[in-house]
Amino acid sequence: MAFSVASSPAAVHSSSLSSSFEQPRAAQFGSFQPLERSHLPPASVNLSRRRCASVKPLNAEPKRNDSIVPSAATVLAPEVVEKVEVEEDFEKLAEELENASPLEIMDKALEKFGNEIAIAFSGAEDVALIEYAHLTGRPFRVFSLDTGRLNPETYRLFDEVEKRYGIRIEYMFPDAQEVQALVRTKGLFSFYEDGHQECCRVRKVRPLRRALKGLRAWITGQRKDQSPGTRSEIPIVQVDPVFEGLDGGAGSLVKWNPVANVKGNDIWNFLRAMNVPVNSLHAQGYISIGCEPCTRPVLPGQHEREGRWWWEDAKAKECGLHKGNIKEENVNGNGVQANGTATVADLFTTQNVVNLSRPGIENLLKLENRQEPWLVVLYAPWCQFCQAMEGSYVELAEKLAGSGVKVAKFRADGEDKAFAQQQLQLGSFPTIIFFPKRSLRPIKYPSENRDVASLTAFVNALQ
């Protein structure tokens, strides 16, 4: 992600441009330059309590006396700083803005926080945020986290964006000693073996925490449809539940999500209509873009987040930057809340798909001479990637009906997950396995391509 100071010439607020083009470029995060906009004082806000916000600029220094021996009056007289009490109910504001456009939401965010808010930019389709900020006509800042492992295409997009909008993105880098210790201890690709959380914590979460400590608010490109299982309840604006802002402590940072209610295809329609520069990786099948070792193109039938950390379960596909917005769908591992209420509907519910129980699939494993081959999907109903392939799997089952191939499903989360990992080659959800007629050991489908044609070719090759 990255920060910058920009002043946009768009017509929505042309009167607010004042002298922003004369502003010096913003320095590295932690030494922001105040904007010369006296009508936009910084507001220190909190959902539950009042705070005092100083009208004095953050970087203002005490007056200096150039004489060698300062007078007693100069030494003893304290500087008088006016205090302004501001109180804001962001839950109420979120409700008021629920049906507002992204442009209206962006304008409100920039109006309220001026130079003490910044856009978090990852180098993907969240470039839409920068275009919306530009269209408001207000000065804005952009920051990005350079993990040191981004794709070359992402760095080229950063350069294009800076030139188009006349800004300098404020890059945050991981601590060199922490990265060195991690790599020397565990190697360059340890995340493939023990999960991505540790690497993301060093390269992304901690740099983000440092960046946010210099702000009172930040703007993200989170959308509800990006990850239905974990991001479906993102509010338009909220007091950040995880990170701290300039004043420190709980409630010291506000988080804005202007495109929370926007669908991915609508974001792309907007980008095309405005001729906004985009990451060239999108044309190669990438949708959600992160670090190079942990990102790959999304194939037909896959959810957009499935291109990230593909070797892990669906519920692990968050890096920690938006931990406070992760929705807990699966309290006990079976899609059931603590009170026993089911939260997720089952998948692949059609007469052409056999629902295997634990004893049923155990018997299937033991059979050496099966009368017919079986194709089985190991799934979890709460997994958005299983949900994404439901249509193609049901269509495949209809196509294979009467062909002599049985199509089935086995729910492999909760108490049955360990069994599925040990006996059925479960890696992440969904996993597809084929039981041939005369082979004891099932064969795992090796591809991530889950369209009907690819699955049919797999079955035909093994019958």
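**Surface patches and burial in a predicted model**

A negative surface patch of this predicted model is formed by D89, E91, E95 and E96.

Q: What makes the patch formed by D89, E91, E95 and E96 a negative one?
A: Asp and Glu count as negative, and the patch is formed by D89, E91, E95 and E96, so each residue named in the patch is an Asp or a Glu and carries the negative label.

Q: Why is E91 called exposed?
A: E91, which is found in helix α2 (residues 90-96), has a relative accessibility of 55%; exposed means over 50%, and therefore E91 counts as exposed.

Q: What makes the patch of L188, F189 and Y192 nonpolar?
A: The side chains taken as nonpolar include Leu, Phe and Tyr, so L188, F189 and Y192 fit that class, and together these residues make a surface patch of about 290 Å².

Q: Why is Y192 described as partly exposed?
A: Y192, which lies in helix α7 (residues 191-194), has a relative accessible area of 37%; since buried means under 20% and exposed over 50%, with partly exposed in between, Y192 is therefore partly exposed.

Q: What does "buried" mean for the protein, and what percentage of the residues count as buried?
A: Buried means under 20% relative accessible area, and 51% of the 463 residues of the protein count as buried, while the accessible surface of the protein comes to about 21500 Å², 50% of it belonging to carbon and sulfur atoms.

Note on methods
Residues numbered from 1 in each chain as written. Predicted model: local features only at pLDDT ≥ 70, side-chain atom pairs only at ≥ 80, totals over all residues. Heavy atoms only, no water. Patch = residues over 30% accessible without salt bridge, like charges linked within 9 Å, V, L, I, M, F, W, Y side chains within 5 Å. Areas by Shrake-Rupley, 256 points an atom, 1.4 Å probe, with all protein chains shown as cover. Salt bridge = Lys/Arg side-chain N within 4 Å of Asp/Glu carboxyl O. Helix = DSSP H or I, 4+ residues; strand = E, 2+ residues; numbered from the N terminus. Buried < 20%, exposed > 50% of the residue type's maximum accessible area, 1.4 Å probe, protein only. Charge placed at Lys NZ, Arg CZ, Asp CG, Glu CD.
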